[in-house]
Amino acid sequence: NKIHQENLFEYDLSCDLSQLNLDLIKELSKLEPFGSGNARPRFLIRNLNKIKANFIGKEQEHLSIIFASPSLAGFNNQIQAVLFKANISELTPAITQLKASQSVDIVGTIDINNWLGIEKLQIQIEDLIMQ
């Protein structure tokens, strides 16, 4: 089962959404290249609520999710997330069935998504903790 209790998976940094920003991820990119022997940092982002989720990709095989932190106000309280190969992931039912009021912690790697010249953080989901 891919939905773990907190002590059963590994991450490098536990944080709230308010602690993440472009500058932090750009600083971490100085550790590249990531790969064998130099793993990409994994984050645990606490206390998020699902805003919406849509299947994307040529064959609708990935899941794009917007999460928000209830403790932050405004547009800056959101983060884009993606679950690759959602069509075969054990996490997909848990994410799609999340209610808006239900909190979840997410584990994954964070990249900068540059679309139309706008840089935003994006987390690639690897695991999650249901609360």
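## Strand β5 and its partner β2

N49 stands opposite S103 in β5. In this predicted model, that pair belongs to a wider arrangement, as five bridges join β2 to β5. The two strands run antiparallel. Strand β2 covers residues 43-56, while strand β5 covers residues 103-115.

N47 is also found in strand β2. Its phi is near 60°, a positive value in a residue other than glycine. With a relative accessibility of 29%, N47 counts as partly exposed, because the partly exposed class lies between 20% and 50% relative accessible area.

## D105 and its surroundings

The place of D105 is in strand β5. D105 has a relative accessible area of 4% and is therefore buried, the cut-off for that class being under 20%. The side chain of D105 reaches the backbone nitrogen of N47 at 2.8 Å, which ties this residue of β5 to the residue of β2 that has the positive phi described above.

Leaving aside neighbours within four places in sequence, D105 is in contact with L44, I45, R46 and N47, and also with D127, L128, I129 and Q131. Strand β2 spans residues 43-56, and β6 spans residues 118-130. D105 may also be placed relative to C15: these two residues are 90 apart in sequence, and their C-alpha atoms are 9.9 Å apart in space.

## T109 in the same strand

T109 is found in strand β5, within residues 103-115. At 6% relative accessibility, T109 counts as buried. Once its neighbours within four places in sequence are set aside, T109 is in contact with R40, P41 and R42, as well as with Q122, I123, Q124 and E126.

## The hairpin of β5 and β6

On the other pairing of β5, 12 bridges join this strand to β6, and the two run antiparallel. One position in this pairing is given by G108, which stands opposite I125 in β6.

The hairpin of β5 and β6 has two residues between the strands. L116 has its place in the loop between β5 and β6, and in this hairpin L116 takes a positive phi near 55°. L116 is a residue other than glycine. With a relative accessible area of 69%, L116 is exposed, because exposed residues are those over 50%. By contrast, D105 is buried and T109 is buried; both of these residues lie in strand β5.

## The protein as a whole

The protein contains two helices and six strands. From the N terminus on, its elements run β-α-β-β-β-α-β-β. Of its 131 residues, 38% count as buried. D105 and T109, described above, are among the residues that count as buried.

Among contacts between residues at least 6 apart in sequence, 61% join residues at least 24 apart. The accessible surface of the protein comes to about 7900 Å². Carbon and sulfur atoms account for 50% of that surface.

Terms used:
Residues numbered from 1 in each chain as written. Predicted model: local features only at pLDDT ≥ 70, side-chain atom pairs only at ≥ 80, totals over all residues. Heavy atoms only, no water. Helix = DSSP H or I, 4+ residues; strand = E, 2+ residues; numbered from the N terminus. Buried < 20%, exposed > 50% of the residue type's maximum accessible area, 1.4 Å probe, protein only. Contact = heavy atoms within 4.5 Å. Pairing = 2+ DSSP bridges. Areas by Shrake-Rupley, 256 points an atom, 1.4 Å probe, with all protein chains shown as cover. Polar contact = N/O pair within 3.5 Å; in protein donor to acceptor, adjacent residues only side chain to side chain.
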